Amino acid sequence: MAVGKEILTKIRSVQNTQKITKAMQMVSTSKMRKTQERMRLARPYADKVRLVMGHLAQTQENHGIKLLSERREIRRAGFILITTDKGLCGGLNANVLKKFLAQMQDYQERGIETDVVCIGSKGLTTCQRIGLNVIASVVNLGDTPRLELLVGSLTELFKRYEQNEIDIIHIVYSGFVNTMRQEPRMEVLLPIGRNTLEAAQVEGRGYNWDYRYEPTPIAVLEYLVRRYLESVVYQALSDNMASEQAARMVAMKAATDNAGNAIKELRLVYNKSRQAAITTELSEIVAGAAAV
């Protein structure tokens, strides 16, 4: 029965793995609800900042703010790459990196240099392995996104844009659609598109604003632009964390189901081998009795 013992050992091993994947699935389910709520609560702030910013940009046409200036030619591009710190979440990171590397290859073929800010260890490891220029990175964010950990890296990238060292900044992350679907997204963070400002102006047409801004409207506008950019990155990070937990929950459920199927197959093989061993022993007993 040596074969039977080996099969039983495999069954116990798969059962232990199934317990782990089941526990991870339950933890991800609990965390996903929290990340979804955090993602939902982050949107009103960004919408209100965009609304006031659009109104100010409309009233202050000659603002001279470099973060709102557009470039005619792209000589150098910047990326904010958001990935997860941990694995076991299916193809979530692979899809984001595929979209990111496709755009990176396009820029390289056009002779455009690139700088990357990595948020998450998976993206940082990939960028370092292929030799990209990583100017800043943030890892080990935990389950709760904290903006104070991102400000330093974002400030460095925005400063390069203000100094005309970077002409365009992309943000790449996993967008949360629903529990079963997460899609990789790439958006232009800077320059802030005219559609964004025009949409904010349209939303504010129903209000008769006559505010006094201290110290000056341009100073407030410059402050709001930075807060808006930070809120967009925070929103993308919240989406990415919600996508991570949803993808991990689905992946662990699939692993748990596969472990259950493997246990059924192993039990079938064990029963067949046990039945074959019993049949062989009975045949030997009968043959021995007939010989006597």
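Tyr 234 is found in helix H6 of this predicted model. Leaving out residues up to four places away in sequence, the residues that Tyr 234 touches are Arg 38, Ala 42, Pro 145 and Leu 147. One of these, Pro 145, is 89 residues from Tyr 234 in sequence, while their C-alpha atoms are 7.4 Å apart in space.

Glu 230 also lies in helix H6. Its relative accessibility is 8%, so Glu 230 counts as buried, the limit for that class being under 20% relative accessible area. When neighbours within four places in sequence are set aside, Glu 230 is in contact with Leu 147, Val 151 and Leu 154. Leu 147 is thus a contact of Glu 230 and is also touched by Tyr 234.

**Further features of helix H6 and its residue range**

Helix H6 covers residues 217–291. Arg 227 lies over the face of Tyr 223, and the distance to the ring centre is 4.6 Å.

Ile 278 has its place in helix H6 as well. With a relative accessible area of 39%, Ile 278 is partly exposed, because this class lies between the 20% limit for buried and the 50% limit for exposed. Together with Leu 282 and Ile 285, Ile 278 forms a nonpolar patch on the surface. The accessible area of the three residues together is about 290 Å².

**The aromatic pairs**

How many aromatic pairs does a search of the whole structure find? The search finds 2. The rings of Phe 79 and Phe 100 have centres 5.3 Å apart and planes at 85°, so this pair is edge-to-face; the angle is over 60 degrees, as that class requires. Phe 79 belongs to strand S1 (residues 76–82) and Phe 100 to helix H2 (residues 92–109), and the pair links these distant parts of the chain across 21 residues.

The rings of Phe 79 and Tyr 107 also make an edge-to-face pair, because their planes stand at 65°, with the centres 5.9 Å apart. Since Phe 79 lies in strand S1 and Tyr 107 in helix H2, this pair ties together parts that are 28 residues apart in sequence.

The geometry of the pairs is set out below.

| Pair | Distance between centres | Angle between planes |
|---|---|---|
| Phe 79 and Phe 100 | 5.3 Å | 85° |
| Phe 79 and Tyr 107 | 5.9 Å | 65° |

Through these ring pairs, Phe 79, Phe 100 and Tyr 107 are linked into a cluster. Are the members of the cluster buried or exposed? Phe 79 is buried, at 0% relative accessibility. Phe 100 is buried too, with a relative accessible area of 1%. Tyr 107, with a relative accessible area of 3%, is likewise buried.

**The protein as a whole**

The secondary structure of the protein comes to 6 helices and 5 strands. Along the sequence, these elements follow the pattern α-β-α-β-α-β-α-β-β-α-α.

The protein has 292 residues, of which 41% count as buried. About 16,500 Å² of the protein is exposed, and carbon and sulfur atoms supply 51% of that area. Among contacts between residues at least 6 apart in sequence, 79% join residues at least 24 apart. The contact of Tyr 234 with Pro 145 spans 89 residues in sequence.

Terms used:
Residues numbered from 1 in each chain as written. Predicted model: local features only at pLDDT ≥ 70, side-chain atom pairs only at ≥ 80, totals over all residues. Heavy atoms only, no water. Phe/Tyr/Trp six-rings, centres within 6.5 Å; stacked < 30°, edge-to-face > 60°. Helix = DSSP H or I, 4+ residues; strand = E, 2+ residues; numbered from the N terminus. Buried < 20%, exposed > 50% of the residue type's maximum accessible area, 1.4 Å probe, protein only. Lys NZ or Arg CZ within 6 Å of the ring centre and 35° of its normal. Patch = residues over 30% accessible without salt bridge, like charges linked within 9 Å, V, L, I, M, F, W, Y side chains within 5 Å. Areas by Shrake-Rupley, 256 points an atom, 1.4 Å probe, with all protein chains shown as cover. Salt bridge = Lys/Arg side-chain N within 4 Å of Asp/Glu carboxyl O. Contact = heavy atoms within 4.5 Å.
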